[in-house]
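Here is a note for a colleague who is beginning to read protein structures. Please keep the structure open beside the text and find each residue as it is named.

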Amino acid sequence: MTRMDRVVRNGRVYFDGRLQNVDLWIRGGKVADLGGNHQAEEAIDGRGMIVLPGAVDLHVHFRDPGYTYKEDWETGSTSAVAGGVTTVVDQPNTDPPTLDERSYRMKLETAERRSVVDFCLNGGPGRMKRLAELGASAIGEIFTYEHSDDDLRRILEETARSGLLPTIHAEDGGVIRENTAPLRDRRDPELYSMARPNLAEAKAIEMVLKMTERAHICHLSTSEGLELLRAAKRGGKRVSCEVAPHHLLFTKRDWQRQGTLLKMNPPLRDFRDKDALWEGLRKGQIDAIASDHAPHLPEEKRDEIWDAPPGVPGVETMMPLLLIAVRSNLLSLGRMVDALSRRPAEILGLSTKGGIARGKDADLAIIDPRAASEIRADRLHSGAEWTPYQGRRAIFPKITMIRGEVVYSDGELFAKPGFGRNLPGPGRRRRVKVGPQEDDEVEME
């Protein structure tokens, strides 16, 4: 009889594509067995619960360093684990942006001290080869509207040479400028969707697909973009995409109720797009769900439409809202788990994450499926201090575990800052030799 560290008993565990009534045994931070007869130092009673793999959120902006009055690694990662997210991928548009060795090391040191969730760090389109050697997980999000076609092609070519995945914020700058110019003197929030129309996303995706064989499209928002990606996959291109909860749950009609609070890039779309995204998600044509957690303070978000910063918080509410969607038959539990956990881990090559199986990290979200509650900003943990989902029903995890340790339970955080571990990207995993520090100056075009 094997001695284990911990066991989750009496729960319905999601593995091999379905919920199964087995005990889950943990040793050394890993799933050691599913079922069987062992002894454990500690038991967690999962009676009446479902046990899911923790979510891998491909897209968060924790604002640290540089904008810590909005969010920092401690508040952002606490928000993540409270929502059943056990791994996050932080984006490079902090201050300084993560473009070179100095900025990468600065962010890594900060995250290692403050994060309670396991994390990956993306690098920006700067010294990409060096960022790969240091452990960056991917390059991006690359904002296509910030670059000329020639510059974008160069970035994608350099990203390919670095061995990293380019992750793309797909909106065409020319389309945005052309549609924004005649609207600038008006202040109605819904104009923002007109300024950045479906065509902007479709044209940018089309351009990226012409320039590279491998890419990941962030926060897909349109039916046109989805069709382009379907065709690219049929044609053999190695492309993947994610959708954010806010594009599944809001439409342009919601401008009337929440105004500039719902400003985001890409913007709110219509019901046709929303329905297409749900259908693409159900069919697996959309690979992943990612929060695009982008916190700003309420007073910033209430500025007029052209000045308010884009983005909404969402890392803590992502899985809870999707569990309600499962209960409402909008999505199967298997497809939800695949899109929140397995497929994101696969996209980034995180072999120990994304599922419940022997040898994988024991990253778990233990959930009472009957315990729906209303989302309230004063119960959330983000430094943003607000949520666009106020009053919506959600099912929050009762317990979140990372590497076999209970990090969050019944509203209480148990992990200390610094518990979270960095998950280096493929360049570091290949044990590329890290040489002397390079010149830190990077030209931004």
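The numbered points below go through sheets, helices, charged pairs and two buried charged residues.

1. Some ground rules come first. This is a predicted model, in which local features need pLDDT of at least 70 and side-chain atom pairs count only at pLDDT 80 or more, while totals for chains, interfaces and linings use all residues. Residues are numbered from 1 along each chain as its sequence is written, and side-chain values use heavy atoms, with hydrogens and water left out.

2. Helices (H or I, at least four residues) and strands (E, at least two) are DSSP runs, numbered from the N terminus, and two strands are said to pair if DSSP finds at least two bridges between them. Strands of a sheet pair through backbone hydrogen bonds, either parallel or antiparallel.

3. One open sheet has seven strands in the order E3-E2-E7-E16-E19-E20-E21, and its pairing is mixed. Strand E3 (18-21) and strand E21 (412-413) stand at its edges with a single partner strand each, so one side of each is left without a neighbour in the sheet. Within this sheet, strand E2 (residues 12-15) and strand E7 (residues 50-53) pair in the parallel sense over two bridges, and here Arg 12 stands opposite Ile 50.

4. Helix H14 (residues 333-347) packs on that sheet and is in contact (heavy atoms within 4.5 Å) with E2, E3 and E7, and its direction makes about 35° with that of E7. Such angles run from 0 to 180 degrees between N-to-C directions, the axes being lines fitted to C-alpha atoms, for helices over the stretch in contact. Helix H1 (73-82) lies across strand E19 (399-402), strand E20 (405-409) and E21, running at about 90° to E20.

5. Another open sheet is formed by three strands in the order E8-E9-E10, with parallel pairing. Its edge strands are E8 (55-60) and E10 (118-121), each of which pairs on one side only, and the twist averages 20° from one strand to the next. Four bridges join E8 to strand E9 (residues 85-90), with Asp 57 opposite Val 88. Helix H2 (residues 101-114) lies across E9 and E10, running at about 170° to E10.

6. Antiparallel pairing can be followed from strand E1 (residues 3-9), which three bridges join to strand E4 (residues 24-27). Strand E4 is in turn joined by four bridges to strand E5 (residues 30-34), again antiparallel. Ile 26 is a useful residue to find, as it stands opposite Arg 6 and also opposite Val 31 in E5. The hairpin of E4 and E5 has two residues between the strands, and in it Gly 28 takes a positive phi near 60°.

7. The structure holds 41 salt bridges (a side-chain nitrogen of Lys or Arg within 4 Å of a carboxyl oxygen of Asp or Glu). In one of them, Asp 23 and Arg 9 meet at 3.2 Å, N to O; because Asp 23 lies in the loop between E3 and E4 and Arg 9 in strand E1, the pair ties together parts that are 14 residues apart in sequence.

8. Where do Asp 90 and Lys 107 lie in the chain? Asp 90 is in strand E9 and Lys 107 in helix H2, 17 residues apart, and the closest N and O atoms of their salt bridge are 2.9 Å apart. Buried means under 20% relative accessible area, exposed over 50%, and partly exposed in between (1.4 Å probe, protein chains only); Asp 90, at 0%, is buried, and Lys 107, at 0%, also counts as buried.

9. Arg 63, in the loop between E8 and H1, is buried yet has no salt bridge, the nearest side chain of opposite charge being Asp 292, 7.3 Å away. For charge, Lys and Arg count as positive and Asp and Glu as negative, while His and the chain ends are not counted. A polar contact (a pair of N or O atoms within 3.5 Å; within protein, one must be able to donate a hydrogen and the other to accept it, and residues adjacent in sequence count only if both atoms are side-chain atoms) of 3.1 Å joins the side chains of Arg 63 and His 296.

10. Asp 254, in the loop between helix H9 (245-249) and helix H10 (255-258), is likewise buried without a salt bridge, and the nearest side chain of opposite charge, Arg 257, is 4.0 Å away.
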